[in-house]
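Me: I've got a model open and want to talk it through. Could you take my questions one by one?

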Amino acid sequence: MADAQTDFGTRLPEKIRNNPDKAKAIGAVFLFKINGDGGGVWTVDCKNDVGVTEGDKGGADCTLELSADDWKTISDNPGAAMQLFFTGKLKVTGNAMLATKLQQILA
């Protein structure tokens, strides 16, 4: 089971590089704030300079904040994000509807 640093450092950038048009179709910039061991902050740009950058690049359309353990749950099962959101474990600010499109690149 990969942690957030592996997912954002390797797995997700590879997925986006292998299919940039799929990411571009989402057309948004996401900021992920993963708290706890193995966490960090990453910008996932699916609009302009498509790819993943460590840190907050600014201009996020949607910000997602969750624990490293809850990220592992989403990484294993992207469909679990909705349950985490409704139980308050996943906080979404900005355009929350954009977060539903993330499953296209996470799955």
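Me: Let's start with charge. How far apart are the mean positions of the positive and negative charges of the protein?

Reply: Keep in mind that this is a predicted model. The protein carries 12 positive and 14 negative charges. Take the mean position of each set, and the two points are 5 Å apart.

Me: Okay, and what pattern does the protein follow along the sequence?

Reply: There are six helices and five strands to place. Reading along the sequence, the pattern is α-α-β-β-β-β-α-α-β-α-α.

Me: Why call it as compact as a globular protein of that length?

Reply: For 107 residues, the globule rule gives 13 Å. The C-alpha atoms fill a box of roughly 30 × 25 × 25 Å along the principal axes. The protein counts as compact because its radius of gyration is close to the rule's value, at 12 Å.

Me: What share of the contacts with a separation of 6 or more comes from residues 24 or more positions apart?

Reply: Contact here means heavy atoms within 4.5 Å. Among contacts with a separation of 6 or more, residues 24 or more positions apart account for 63%.

Me: Now the strands. Do S1 and S4 pair in the parallel or antiparallel sense?

Reply: S1 covers residues 29-35 and S4 covers residues 62-67, with six bridges between them. One of the partnerships puts Phe-30 with Cys-62 in S4. The sense of the S1 and S4 pairing is parallel.

Me: And which residue in S5 does Glu-65 stand opposite?

Reply: S5, residues 91-94, is joined to S4 by four bridges, and the two run antiparallel. Across from Glu-65 in S5 is Lys-91.

How values were computed: Residues numbered from 1 in each chain as written. Predicted model: local features only at pLDDT ≥ 70, side-chain atom pairs only at ≥ 80, totals over all residues. Heavy atoms only, no water. Rg over C-alpha atoms; globule rule 2.2 N^0.38 Å. Lys, Arg positive; Asp, Glu negative; His and termini not counted. Charge placed at Lys NZ, Arg CZ, Asp CG, Glu CD. Pairing = 2+ DSSP bridges.
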